[in-house]
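User: I have a chain open here and would like to talk through its architecture with you. Could you go through it with me piece by piece?

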Amino acid sequence: MKLSQFKFKLPEELIALNPPYHRDECRLMVVHRVSKKIEMYKTDDKGEPLKDDEGNPEFLDFRNILDYFDEGDAFIFNDTKVFPARLYGTKEKTDAKIEVFLLRELNEEMRLWDVLVEPARKIRIGNKLFFDDSGAMVAEVIDNTTSRGRTLRFLYDCPHDEFKRDLYALGEAPLPHYIVDRRPATKEDLDDFQCIYAKNEGAVTAPASGLHFSRELMKRMEIKGIEFAFITLHCALGNFHDIEVEDLTKHKMDSEQMFIGAEACKTVNEAKRAGHHVCAVGTSVAKATETAVGTDKFLKEYEGWTNKFIFPPYEFGVADSMIANFYHPMSTLLMSTAAFGGYELVMEAYDMAVKNGYKFGCYGDAMLIVND
């Protein structure tokens with residue numbers, strides 16, 4: 001497929017800058033990929049739309065997801081944990097303000113980190129950056145890795161746990177630029193931009209489809225007999241990079257580290273063998289499970305890296321349903337969603353979402369794609 005096939009006009013006001021008051025109360029659109037039906041509204045027993053006090057139809061909200069699954073069905077969650085990756089420092093001598101985005105720790109003992117810097121043109125090997133008023137947290141640039149990439153060595157003499165704690169205390173939630181370019185990150189974002197079941201640290205952006213799950217909703221799912229499987233894929237920034245080629249087969253994704261254990265495989269494969277539904281919570285889960293699926297379409301244990309790029313047409317092997325957010329035009333996340341739901345159907349749903357005021361982005365509304 002071509003990049004231009006995923007272009008659409010997204011009004012500025014539809015980009016969600018803040019999460020809903022409660023995690024599980026965003027809107028939910030349900031896309032049926034077999035019957036091609038698209039649901040937006042709550043209905044009564046006769047299938048007629050329910051109306052609010054002003055006579056307007058009531059939109060489905062995320063809690064209605066329970067209505068589409070039964071006992072024995074399995075949900076696959078990505079339990080990666082986001083760390084406060086965005087820091088602001090000043091350059092030695094000039095006091096120029098520099099944004100430093102932590103990507104991953106390269107060496108604990110030497111305090112080496114792979115980072116991105118902005119503006120990159122001002123940062124050269126040998127420069128020192130200061131991150132607090134006391135001057136205690138200092139880093140030296142020791143290598144260039146890409147046009148914006150640098151390797152920093154933090155000059156901080158203390159036990160590693162204490163260093164990480166103090167470093168993270170200076171950071172903020174790594175919200176995507178389509179949010180922080182419009183409003184500053186807050187302390188509340190440190191919680192809001194984290195799934196409630198997050199466990200394994202390593203992500204520099206949240207697996208956003210999982211942000212909609214509240215403790216109350218997951219308890220109701222558990223009571224209904226829905227099974228949970230947890231895998232880990234440390235979400236990186238590659239999903240936000242602009243695609244620079246029209247022919248999607250020529251686009252290369254950044255690699256992301258992932259882990260799928262025996263317990264998750266057991267939960268998912270038992271549900272599949274019993275004929276139950278398996279739901280991938282987000283495109284990161286879809287990417288991970290499709291990396292680790294066997295030729296028999298069952299999930300296999302996996303530890304390593306993936307740079308899998310999923311776009312239409314693509315036949316999925318593990319999940320038969322998927323939860324996604326509403327993503328930006330020409331994004332790899334939109335392409336993965338279209339691969340799962342079908343290009344024409346998903347783009348029709350996006351057109352309806354724009355016309356009906358659905359919110360886009362990591363803090364926006366949700367789509368559930370089911371296999372009828």
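User: Let me start with helix 7: how many of its residues are buried?
Analyst: For helix 7, 10 of the 10 residues are buried, so this helix is largely enclosed by the rest of the structure. Buried here means under 20% relative accessible area, exposed means over 50%, and partly exposed is in between, with a 1.4 Å probe and protein chains only. Helices (H or I, at least four residues) and strands (E, at least two) are DSSP runs, numbered from the N terminus.

User: Before we go on, what sort of model is this, and how are residues numbered?
Analyst: This is a predicted model, in which local features need pLDDT of at least 70 and side-chain atom pairs count only at pLDDT 80 or more, while totals for chains, interfaces and linings use all residues. Residues are numbered from 1 along each chain as its sequence is written, and side-chain values use heavy atoms, with hydrogens and water left out.

User: Back to helix 7, then. What covers its buried residues?
Analyst: The cover includes helix 6 (283-292), strand 16 (321-325), helix 8 and strand 17 (366-370). The residues of helix 7 that are buried are Thr-332, Leu-333, Leu-334, Met-335, Ser-336, Thr-337, Ala-338, Ala-339, Phe-340 and Gly-341.

User: And at what angle does it pack on helix 8?
Analyst: Helix 7 (residues 332-341) packs on helix 8 (residues 343-355) at an angle of about 120°, and their axes are 6 Å apart. The axes are lines fitted to C-alpha atoms, for helices over the stretch in contact, and angles run from 0 to 180 degrees between N-to-C directions. The two helices are therefore oblique to each other, given that angles under 35 degrees count as roughly parallel, over 145 as roughly antiparallel, 65 to 115 as roughly perpendicular and the rest as oblique.

User: Which residues make that contact?
Analyst: Helix 7 contributes Leu-334, Thr-337, Ala-338 and Gly-341, and helix 8 contributes Tyr-343, Leu-345, Val-346, Met-347 and Tyr-350, where contact means heavy atoms within 4.5 Å. By class, seven residues in this contact are nonpolar, two are polar and none is charged. Ala, Val, Leu, Ile, Met, Phe, Trp, Tyr, Cys and Pro count as nonpolar, Asp, Glu, Lys and Arg as charged, and the others, Gly among them, as polar.

User: What happens to the backbone just after helix 7?
Analyst: Gly-342, just after helix 7, takes a positive phi of about 100°.

User: Where else is phi positive, in residues other than glycine?
Analyst: Lys-93 has a positive phi of about 75° although it is not a glycine, and Met-330 has a positive value near 60°. Lys-93 is in the loop between strand 5 (86-91) and strand 6 (97-107) and counts as exposed at 79% relative accessibility. Met-330 lies in the loop between strand 16 and helix 7, and with a relative accessible area of 31% it is partly exposed.

User: Changing topic, which residues are joined by cis peptide bonds?
Analyst: One cis peptide bond joins Glu-118 and Pro-119, with omega about 0°, and Pro-119 is in the loop between strand 7 (112-118) and strand 8 (128-130). Another joins Pro-312 and Pro-313, with omega about -10°, and Pro-313 is in the loop between strand 15 (302-306) and strand 16.

User: What about Asn-269: buried or exposed?
Analyst: Asn-269 counts as buried, at 8% relative accessibility, and it lies in helix 5 (residues 262-273). Leaving aside neighbours within four places in sequence, Asn-269 is in contact with Phe-298 and Leu-299.

User: How does the whole chain look, in terms of secondary structure and radius of gyration?
Analyst: The protein chain has eight helices and 17 strands. For 372 residues a compact globule would have a radius of gyration near 21 Å, and the chain agrees with this at 22 Å; the radius is taken over C-alpha atoms, and the globule rule is 2.2 Å times the number of residues to the power 0.38. Of the 372 residues, 54% count as buried, and among contacts between residues at least 6 apart in sequence, 71% join residues at least 24 apart.
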